[in-house]
Amino acid sequence: MATAVQKIVLSSARDIPFNKLVLSQSNVRRVKAGVSLEELAESIARRGLIQSLHVRPVLDADGAETGMFEVPAGGRRYRALELLVKQKRVARSAPVPCVVGDPNSDVTIDEVSLVENIDRAPLHPLDQFRAFQRLREKGMSEEAIAAAFFISATVVKQRLRLASVSPALLEIYAGDGMTLEQLMAFSVSQDHARQEQVWEVVKDSWQKEPYQIRRMLTETSVRASDRRALFVGIEAYEEAGGVVLRDLFQSDDGGWFQDVALLDRLVGEKLRAVADEIAGEGWKWVEAASTFPYGHEHRLRALAGTTVELTEEERTTLEALRSEYARLADEYEGAEELPDEIDAHLGEIERAVDALEQRPAVYAPADLAVAGVFVSVNVDGTLSIDRGYVRPEDERPAARNEDGAQETDDRTGQPVAPLVQRATVTVDGEITEPENDEEEGIKPLPERLVVELTAHRTLALRNAVAEHPDVAMTLLLHRLVSDTFRPTAPTGCLEASVRHVFFSAQSEELKDSVPAREVAERHEQWGDHVPADDQALWDWLAGLDDGMRLRLLAHCVSFGVNALCERPNPYGGSGVSEHGLAARLAQADRLARATGLDIAASWKPTVGNYLGRVTKPRILDAVREGAGERAAQLIDHLKKGDMAKEAERLLADTGWLPEPLRLPAPDEGECTETGAEDTALPEFLYGIGNDDGADEIGDEDAPMNAE
């Protein structure tokens, strides 16, 4: 005969007035954690008591019920109700749903309290994300959801963004096949196909950190901090149909512009509009580009123009602005931090003062007829307009009458300008070099890359020489004495004429480098004082003190510094000989030591200036030297493009330099200028070739020191 299974009897539930309830001293929860009592009280006020309290009757000494009930499970709900009673939002006698336990049960009250807190399964984050998504689909705004759950609207947006990731990836996350941080990284893109493609690439790799996922999802986009993006603006880009990728979980500097072709088109259209407007001023040509290389205005004559004087009204306005700025500065002098409105107002005053002080220049019609304008975009996205440059081919003689005298306009007295055609407007796009991901092996450095690297070193040396007048004097005397007493000595690294040496190749970053900015600022400061008349120049120089003359000498001498690595010509004639190149580089090293040049302070390896231009083994060697073997192992499995980008990050603060930028030890590889038998080129120059795709300089496959 079968034994009957004893049925479980569940505790009954009933409503008990709140003033008949007391918190059990056996409740195990002592430490405050989770949602605050205030937020829980607001939740109860909004939604009611979703979960009943578990209570047991309080017995007297004889074991009889007293009519009071203690709460061993649900203590936080009890305290939240207590808070609502104190706020008079709930009556003291309001009925509270309770599950009433047996006071004589073998299960102790402590056990009931403990199991109530540990026998619970927390909600999976994905369930929360999807629940928020359903609320949004049912019409609740992000702000309403945030208010309902006592969180910020930003948190709601983050949860909704996570719920919008590819369903296939969400299922992987639900099965613990992906971390929450990785899921956050995938949310930067809305392209499900691309998300799944990236996961297929990284899922079996040991390197699938969130930053790697973000980089792969945004590698074909342009950062919002890029000069082109700042120039066009997010609103104009989105209005034209562009999509901006945003990272809601990390600082993203404004996100990424996904459609690069659209961005470049908008940049070109905006530059063309500006160029057409400037062309209406009467210039012969206007050339516009998002950026120009360093030294693009070399060999062009710069026109000074005439600065427009301030009107009486403008002077009054300028003085008023300065007085207002001084008053506010004095008022808040002791404040640790300015109020936002005051800070903003001071910024407005500074911009207004700059606009009045930076006076436009006026040019004569004869100058407009032969000169042109460069229009580009600064790093901060503002326009850069450089007016008044005359090309050598446009340097024409002024119109003259039958007697040979220069003709002038009867009305203005200005020289008569030759007739020229309407301004030619040129808007150039950026030039990028192709990359070959399949390059393998330690191939020689490409000649163009060597020239670009040594162009940066030359510019840094010029800046260093200009800052050390004593070294500049020694350098100049060295050149002059060599010419006088050693006529057969090679030219070395100083053209004492002084002939300004220009760079046949340079990286795009050179123009914005620290040496370039300092050289340009110094040149502009001296140029503001140098007289145009020959006799006036002599008198001005004669009146300078020795310190000023030395500094000016250093500045002028610096423009003749030439530390470029160029392909030597073994047959003589034009170019530099191998002996001359070795002497040039040896003198450049000596000059770097004398000036204390720190090239690492102004050059860091990037994809554009080095890492994307060499083979994978060279990239790994660079990371191994600069960041260690472990860092090299982290990236050795990547394709070349990804490897170069990761190498840039790993080498950012290491101070690593490629061979053409390194300074050898004084007794290492140093050559003399006395004879060919003592001359030796640096080791990195042997076998210089082309591992950079299609470069633009000569026969790249021939070694640089061809014999």
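A nonpolar patch lies on the surface of this predicted model. Val28, Leu114, Val115 and Ile118 form the patch, and together they have about 310 Å² of accessible area. Val115 belongs to helix 3, which covers residues 109-118. Its relative accessibility is 34%, so Val115 counts as partly exposed.

Strand 9 presents another setting. This strand spans residues 285-289, and 5 of its 5 residues are buried, so strand 9 is largely enclosed by the rest of the structure. In a regular strand, side chains alternate between the two faces of the sheet. Both faces of strand 9 are covered. Trp285, Glu287 and Ala289 are buried on one side. Val286 and Ala288 are buried on the other.

Strand 9 runs parallel to strand 13, and 4 bridges join the two. Glu287 stands opposite Phe374 of strand 13. Strand 13 comprises residues 371-377 and includes Ser376. Ser376 has a relative accessibility of 7% and therefore counts as buried. Beyond its neighbours within four places in sequence, Ser376 is in contact with Ala289, Ser290, Thr291 and Phe292. Thr382, Leu383 and Ser384 are also in contact with Ser376. Among these partners, Ala289 is one of the buried residues of strand 9.

Helix 22 is formed by residues 578-595, 18 in number. From first C-alpha to last, helix 22 reaches 26 Å, close to the 26 Å expected at 1.5 Å a residue. The helix is mostly covered, with 13 of its 18 residues buried. Gly596 comes just after helix 22 and takes a positive phi of about 65°.

Notes: Residues numbered from 1 in each chain as written. Predicted model: local features only at pLDDT ≥ 70, side-chain atom pairs only at ≥ 80, totals over all residues. Heavy atoms only, no water. Helix = DSSP H or I, 4+ residues; strand = E, 2+ residues; numbered from the N terminus. Expected span 1.5 Å × (residues − 1). Buried < 20%, exposed > 50% of the residue type's maximum accessible area, 1.4 Å probe, protein only. Contact = heavy atoms within 4.5 Å. Patch = residues over 30% accessible without salt bridge, like charges linked within 9 Å, V, L, I, M, F, W, Y side chains within 5 Å. Areas by Shrake-Rupley, 256 points an atom, 1.4 Å probe, with all protein chains shown as cover. Salt bridge = Lys/Arg side-chain N within 4 Å of Asp/Glu carboxyl O. Pairing = 2+ DSSP bridges.
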